[in-house]
Amino acid sequence: MLSAPQSIKRLVVDDSEQISPRILASEEVFSGRVFDVTVDTVREGDKTYVREVVHHRGSAVILPAFDDGTIALVRQYRHPAVRYLLELPAGTLNDMERPAEGAARELEEELGLVAGRMEKLSEFFVSPGFCEEKMWLYLATDLIVTAQHLEDDEMIEVVRLPIDRALQMITDGEIEDAKTIIGLLLAAPRIGISAFAPDYPAV
């Protein structure tokens, strides 16, 4: 393992005395089915500024991994991107729903699968510059086939492929969805692909 040069010092950030910004005002400008939008006036130190904030309950993301080394993705039309994207299955959490429960529900609804084991890989903010949405990412294994329960406006194609092929698709620009890229890279070492293998695709 390579060691860091002696001239590089570890940066330690001490924010114990940092004063949190205050929200002086918050005006709701949009209320929708999936998210709401407010315009917030924030005071940080001696500065006051305005931020538009998208409020979202959060989402569960699932990477279903089968015993034969394949995984399942979904292809669906994403109107903001104006294209079909290949993604990990995911969905908005219901009110008061725990992320693990939401992950299990979405896995069965979208793919018709039940996982014998669900392992949390990570949780992360999607785009914290304007959106409060957080995603919880799970690796689903020991899969049992049941039946899909799609909503009326869900039109998805289930795509099953080897994990190494999916990783190569990131490099080739065929997979562009951030949560899917994160999920594939985090799950690969857990399902038998080393990030240090010679044929591991460079991203």
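## Close-up views of paired strands

**View 1. Across the strands, Phe30 faces a partner in β2.** In this predicted model, the residue standing opposite Phe30 is Val37, which belongs to β2. These two residues make a handy starting point for finding your way around.

**View 2. β1 and β2 run side by side in the antiparallel sense.** Strand β2 covers residues 36-44, while β1 spans 22-31. Follow the two strands along and you will find eight bridges joining them.

**View 3. β1, β2 and β3 make up an open sheet.** Step back a little from the previous view, and the order of the three strands reads β1-β2-β3, with antiparallel pairing. At the edges sit β1 (22-31) and β3 (47-55), each of which pairs on one side only. Neighbouring strands in this sheet are turned against each other by 20° on average, direction ignored.

**View 4. β5 pairs with β10.** Here we move on to another pair of strands. β5 takes in residues 70-78 and β10 residues 157-162; six bridges link them in the antiparallel sense. To pick out one position, look for Ile71, whose bridge partner in β10 is Leu161.

**View 5. β5 also pairs with β6.** Strand β6, made of residues 83-87, lies antiparallel to β5, and the pairing has five bridges. Arg78 is found opposite Arg83 of β6.

**View 6. The hairpin of β5 and β6 holds a residue with positive phi.** Four residues lie between the two strands of this hairpin. Look for Val82, where phi is positive, near 55°.

Notes. Residues are numbered from 1 along each chain as its sequence is written. This is a predicted model: local features need pLDDT of at least 70, side-chain atom pairs count only at pLDDT 80 or more; totals for chains, interfaces and linings use all residues. Side-chain values use heavy atoms; hydrogens and water are left out. Two strands pair if DSSP finds at least two bridges between them. Axes are lines fitted to C-alpha atoms, for helices over the stretch in contact, and angles run from 0 to 180 degrees between N-to-C directions.
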